[in-house]
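Trainee: I have a file open and a head full of terms. Can we go through it, with you telling me what makes each label fit?

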Amino acid sequence: MKSYLRSAVAVYAKDMRLEARTKETFSAVLAFAVIVAFVFGFAFDPSPTVVALVGPGIVWVAYVFTGILGMNRTFAVERDRGTLEGLLLAPVGREAIYAGKLASTTTIMLVVEVLLYPVFLVLFELNLFNIWFVLITIAATVGFSAVGTLFSAIAAHTRAREILLPLLFLPIVLPVIIGAVASTSAALAGDGWDGVGKWLQFIVAFDLVFLVLSSWAFDFVLEE
Amino acid sequence: MGTAGLGIRQALLGLAALLFLIDLYLIFQYAPTASEALGLQVQRIFYFHVPSALLGMISFAVAATASVVYLTKRGRKWDRIAWASAEVGTVFFTVAIGTGAIWAKPVWQTWWVWDVNGTLTFMLWLVFIGYLIVRSYAPTVERGSRWAAVVAIFGAAAVPFVYMAADWWEGLHTERITGPGASGSMQSEIFVTFMFSLVTFLVLFIALVAERTAQRGVEESIEELRREVSA
Amino acid sequence: MRPGYAIILERAIASPTTMTTNATPEALSHAPSLAIDVQGLSKSFGRMAALRKVDLQLAYGEGLALFGHNGAGKSTLIRTLTTLIRPDEGTVRIAGFDRESQASKIRSIIGYVGHQSLLYDDLTPRENLRFYAKLYGLPDAHDLVERSLAEVGASTYAERRVRVLSNGMQKRVAIARALLHRPRVLLLDEPETGLDQGGLELLDSVVAAVKQGGASVVMATHGTERGLALAERAIVLADGRVSLACATSETTVDAIQQAVLAERGASSRSGAQA
């Protein structure tokens with residue numbers, strides 16, 4: 001157990017150090033997220049009634065597509081530069097590599113998602129500074145990352161990673177998207193635990209199941 | 001191995017063809033014409049639509065189960081079965097989606113309804129397509145088999161979540177649409193036709209999967225011989 | 001370089017548990033006589049058979065030079081020994097550990113230098129080595145890393161990003177990475193590429209030190225002279241098969257080169273390559 005944690009933390013720390021130094025993934029993901037938000041801003045007339053209806057959907061579509069970009073990079077970069085083998089050569093359980101990568105992807109995505117709060121406020125008068133929304137964001141992002149990190153490991157080994165990751169990933173995380181949109185509507189309408197609770201528990205249940213499943217499947221995916 | 005089950009497979013295919021002919025008769029002659037609300041003649045598509053969707057689900061269950069066995073026990077046979085199931089299942093789902101759309105338009109004036117069944121069917125169809133595509137992009141056949149197995153297992157694990165989410169979503173947003181045929185008692189002719197259709201499709205499924213699995217087996221044998229010979 | 005490695009390695013072989021955190025005393029107690037024991041190894045990639053029934057034995061403290069034309073299977077063989085590739089058939093035992101069931105233990109005692117440096121371009125050599133030290137669970141990481149950098153002559157560049165280092169210097173750091181955990185089997189895939197004179201001398205002394213410390217070396221190389229000088233045994237691979245296997249003392253540079261060329265002619269006649 002100790003070596004699992006130590007290795008996962010080592011991978012996470014290495015990723016964070018790299019990210020802090022190059023800001024490669026972070027800046028690409030943030031730029032994309034802002035662009036997507038702006039495109040929606042042009043596409044929809046941000047009157048209060050419209051925003052109340054489609055706001056949550058817009059937010060989560062933006063987050064999901066941004067997430068796909070970020071998750072693709074998780075393993076694509078490691079593989080293209082050959083460093084993935086360095087990880088695979090180490091006497092480290094594959095679950096630990098998965099955990100470390102999952103943590104770093106989730107961290108980057110959460111940072112970007114939070115940075116987008118003011119953008120949505122400005123464009124849509126959508127106030128996301130809401131404790132429930134924060135919880136939903138965390139739960140849903142973990143869910144996306146859990147599945148996305150695994151499929152990213154698959155997609156990174158192919159020529160068609162841009163299409164393969166969304167194709168594999170979206171049907172599986174569909175429940176999380178539905179849950180996130182529904183609970184966001186409730187949260188923004190001020191429903192509190194009554195409206196949000198059921199969905200939040202649902203997303204967390206999804207997270208737990210797929211964290212375990214992905215951790216188990218990771219070894220099979222990486223095996224040559 | 002290829003010729004061993006040939007007799008049975010041919011018999012199954014023959015049986016499927018025969019059942020299909022009888023089924024067509026039942027659907028178009030024996031079953032009563034539906035009411036205007038249900039679409040009159042178009043309603044007959046129900047006998048294709050529902051069995052296709054159900055068989056799609058069964059294909060998925062078979063593919064997912066075979067995938068689990070493949071990953072844990074590593075027999076090539078299981079991968080072949082899963083693959084064959086996925087291919088046949090994709091066709092069934094496509095038929096289900098297509099017939100669903102054809103039926104929905106005249107009856108409900110919309111091409112598609114995101115009810116629980118529709119969402120589930122569509123989602124599983126996408127998973128199947130991902131399953132097939134991931135194989136073609138894999139660097140080796142083995143890796144493709146493993147990746148596909150993972151995809152199938154993930155799809156299966158997601159099903160209960162999709163079902164619940166779609167159910168709650170439907171409860172929030174749309175008035176429940178009473179599907180034609182959802183009513184309590186069915187006329188006996190409708191029931192008989194429906195059950196017969198179901199059996200026909202089931203036999204078709206088994207026949208096609210058996211055939212495809214055997215074909216794959218022969219292909220793999222050829223590959224192996226090729227390798228040994230290319231000295 | 002030489003004494004330090006030898007002393008550490010001797011201590012390690014005497015009390016195996018200090019080598020790794022993953023190896024249990026019971027697993028290591030039946031210390032095998034062979035560092036590498038490969039039998040009937042076959043591997044295919046789709047239609048192409050990369051390795052066909054390869055046998056290979058190597059004792060501790062010995063070096064093996066692997067020769068063969070491009071596409072003969074040298075890299076595949078080495079990568080199979082690293083556990084990165086799973087064999088289709090045959091058994092692979094390294095230090096007595098079976099690849100099928102004890103792959104993780106194997107990884108803890110092998111070092112690999114391949115075509116890619118396995119270094120993170122935007123981290124410094126020091127940061128790279130510290131990361132790997134943590135990953136391998138090595139104690140006293142800081143001192144170990146400094147010593148490794150000094151051993152390969154990269155100390156002056158320890159604080160610069162790997163990206164700006166020359167190929168030769170990157171290779172030196174890659175070698176340091178491979179030796180960090182004092183492996184019992186060192187696997188080198190054409191290590192001479194990109195090395196200048198100083199680098200080649202370092203390579204020679206590394207191989208010698210490793211062997212003297214009781215560890216084994218497998219080196220795939222195109223440099224026939226260097227290979228024969230550094231190794232005790234030689235194998236020529238052609239089309240995935242062992243076409244020649246002998247002690248280096250019993251053969252010559254010419255003999256090896258002829259064996260390599262002969263098979264190259266044969267394989268290009270038979271057509272399809274990878």
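Trainee: What makes residues of chain B and chain C count as being in contact?

Mentor: Two residues are in contact if their C-beta atoms, placed from the backbone, lie within 7 Å. By that rule, 6 residues of chain B are in contact with 5 residues of chain C. Helix H6 (residues 188–229) of chain B gives the largest share of chain B's side, 3 residues. That side holds 1 nonpolar, 2 polar and 3 charged residues.

Trainee: Before we go on, where do these labels come from?

Mentor: This is a predicted model, in which local features need pLDDT of at least 70 and side-chain atom pairs count only at pLDDT 80 or more, while totals for chains, interfaces and linings use all residues. Residues are numbered from 1 along each chain as its sequence is written, and chains are lettered from A and ligands numbered from 1 in the order in which they are written.

Trainee: And what makes a residue nonpolar, polar or charged?

Mentor: Ala, Val, Leu, Ile, Met, Phe, Trp, Tyr, Cys and Pro are nonpolar, Asp, Glu, Lys and Arg are charged, and the others, Gly among them, are polar. Try that on the other interface: 23 residues of chain A are in contact with 25 residues of chain B. On chain A's side, helix H8 (161–188) and helix H9 (192–222) are the elements that give two or more residues. H8(A) gives the most, with 10 residues. The whole side divides into 18 nonpolar, 3 polar and 2 charged.

Trainee: What makes a stretch a helix?

Mentor: It has to be a DSSP run of H or I with at least four residues, while a strand is a run of E with at least two; both are numbered from the N terminus. Counted that way, chain A has 9 helices and 0 strands, and chain B has 6 helices and 0 strands.

Trainee: Why are H2(B) and H6(B) called oblique?

Mentor: Helix H2 (residues 46–73) of chain B packs against H6(B) at about 40 degrees, with the axes 9 Å apart. Axes are lines fitted to C-alpha atoms, for helices over the stretch in contact, and angles run from 0 to 180 degrees between N-to-C directions. Under 35 degrees is roughly parallel, over 145 roughly antiparallel, 65 to 115 roughly perpendicular, and the rest oblique. The angle of about 40 degrees belongs to the rest, so H2(B) and H6(B) are oblique to each other.

Trainee: Which residues of H2(B) and H6(B) make the contact?

Mentor: Among them are Leu54(B), Leu55(B) and Ile58(B) of H2(B), and Phe194(B), Leu198(B) and Phe201(B) of H6(B). The contact as a whole has 10 nonpolar, 4 polar and no charged residues.

Trainee: Why are H5(C) and H6(C) oblique to each other?

Mentor: Helix H5 (residues 125–135) and helix H6 (residues 141–151) of chain C pack at about 130 degrees, with axes 9 Å apart. That angle also goes with the rest, so H5(C) and H6(C) are oblique.

Trainee: What hand does the crossing of H5(C) and H6(C) have?

Mentor: A crossing is left-handed if the near helix is turned anticlockwise from the far one by less than a right angle, and right-handed if clockwise. The crossing of H5(C) and H6(C) is right-handed. Leu129(C) and Ala133(C) are among the residues of H5(C) that meet H6(C), whose partners include Leu144(C) and Val145(C). By class, this contact has 7 nonpolar, 1 polar and 3 charged residues.

Trainee: How do you know whether Thr221(C) is buried or exposed?

Mentor: Count the other C-beta atoms, placed from the backbone, within 10 Å of its own: 20 or more means buried, 12 or fewer exposed, and in between partly exposed. Thr221(C) has 22, so Thr221(C) is buried. Thr221(C) sits in the loop between strand E8 (216–220) and helix H9 (224–230) of chain C. Beyond its neighbours within four places in sequence, its contacts include Ala65(C) and Glu192(C). Glu192(C) is 29 residues away in sequence and 7.6 Å away in space, C-alpha to C-alpha.

Trainee: How much of chain A counts as buried?

Mentor: Of its 224 residues, 55%. In chain B, buried residues make up 38% of 231.

Trainee: Why does the radius of gyration of chain A agree with a compact globule?

Mentor: The radius is taken over C-alpha atoms, and the globule rule is 2.2 Å times the number of residues to the power 0.38. For 224 residues that rule gives a value near 17 Å, and chain A has 18 Å, so the two agree.
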